[in-house]
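Good morning, and thank you for joining. I would like to take a few minutes to walk through the model now on the screen.

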Amino acid sequence: MKQMLKAKRRVDFAMFTFSESSGIDDTMKVLAANGVQVRGVLDWQQSNQSWAANHGLTGQANVSLFRAKPGGGMKKLHHKLMVIDDQVVIGGSFNYTGPANRLNDENIFMLGNLRPDPS
């Protein structure tokens with residue numbers, strides 16, 4: 001969430017499990033309210049759950065969400081990726097859920113840098 005709050009233009013993500021309890025959805029709402037484009041693709045089945053964060057994000061200005069439907073050989077979207085301003089990639093086993101954030105032994109990595117451009 002700290003890295004997300006540094007976004008100036010865009011946050012793109014692909015996520016298997018994304019719940020309203022993660023705090024990440026609230027961060028996305030703040031970003032979108034401040035003009036940052038938030039775009040994501042979610043697993044079809046997971047995003048249909050009552051606890052899924054897409055329900056609270058759908059219809060928000062600056063938010064575009066897509067659901068990957070099964071078919072064409074794809075059974076589920078099991079990604080855990082985020083790209084911030086085309087400069088930072090975040091990935092790992094971390095699902096965007098409250099338990100993953102507080103309880104689970106998840107791994108997460110970041111590649112890139114969001115430092116201000118010195119020019």
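I will describe the sheet, then the helix that packs on it, and finally the pocket. Please bear in mind that this is a predicted model.

Let me begin with the sheet. It is an open sheet of six strands with mixed pairing, and the order is β3-β2-β1-β4-β5-β6. At the edges stand β3 and β6, the latter formed by residues 108-112; each has a single partner strand, so one side of each is left without a neighbour in the sheet. On average, neighbouring strands are turned by 10 degrees against each other, with direction ignored.

Now to the individual pairings. Strand β1, residues 10-15, pairs with β2, residues 37-43, in the parallel sense over six bridges. Within this pair, methionine 15 is opposite leucine 42 of β2. To get from β1 to β2, the chain passes through helix α1, residues 24-33, and this β-α-β crossover is right-handed. On β2 we also find β3, residues 63-68, as a parallel partner, again with six bridges. Here glycine 40 has leucine 65 in β3 as its bridge partner.

The antiparallel part includes β4, residues 80-84, and β5, residues 88-92, which are joined by three bridges. In this pair, valine 83 stands opposite valine 89 of β5.

How is α1 placed relative to the strands? The helix lies across β1, β2, β3 and β4, and runs at about 145 degrees to β2.

I turn last to the largest pocket, which has a volume of about 210 Å³. What classes of residue line it? Nine are nonpolar, two are polar and one is charged. The lining includes Met1, Lys2, Gln3 and Met4, together with Ile24, Met82 and Ile90. Also part of the lining are Phe94, Tyr96, Asn101, Ile108 and Met110.

That concludes my description, and I am happy to take questions.

Conventions:
Residues numbered from 1 in each chain as written. Predicted model: local features only at pLDDT ≥ 70, side-chain atom pairs only at ≥ 80, totals over all residues. Heavy atoms only, no water. 1 Å grid on protein atoms, 1.4 Å probe; cavity = no way out; pocket = protein on both sides within 12 Å on 5 of 7 lines; lining within 4 Å. Points joined across faces, edges and corners; volume = space filled by probe spheres on them. Nonpolar A, V, L, I, M, F, W, Y, C, P; charged D, E, K, R; others polar. Pairing = 2+ DSSP bridges. Helix = DSSP H or I, 4+ residues; strand = E, 2+ residues; numbered from the N terminus. Right-handed = clockwise from strand over helix to strand, strands pointing away. Axes fitted to C-alpha atoms, helices over the stretch in contact; angles between N-to-C directions. Contact = heavy atoms within 4.5 Å.
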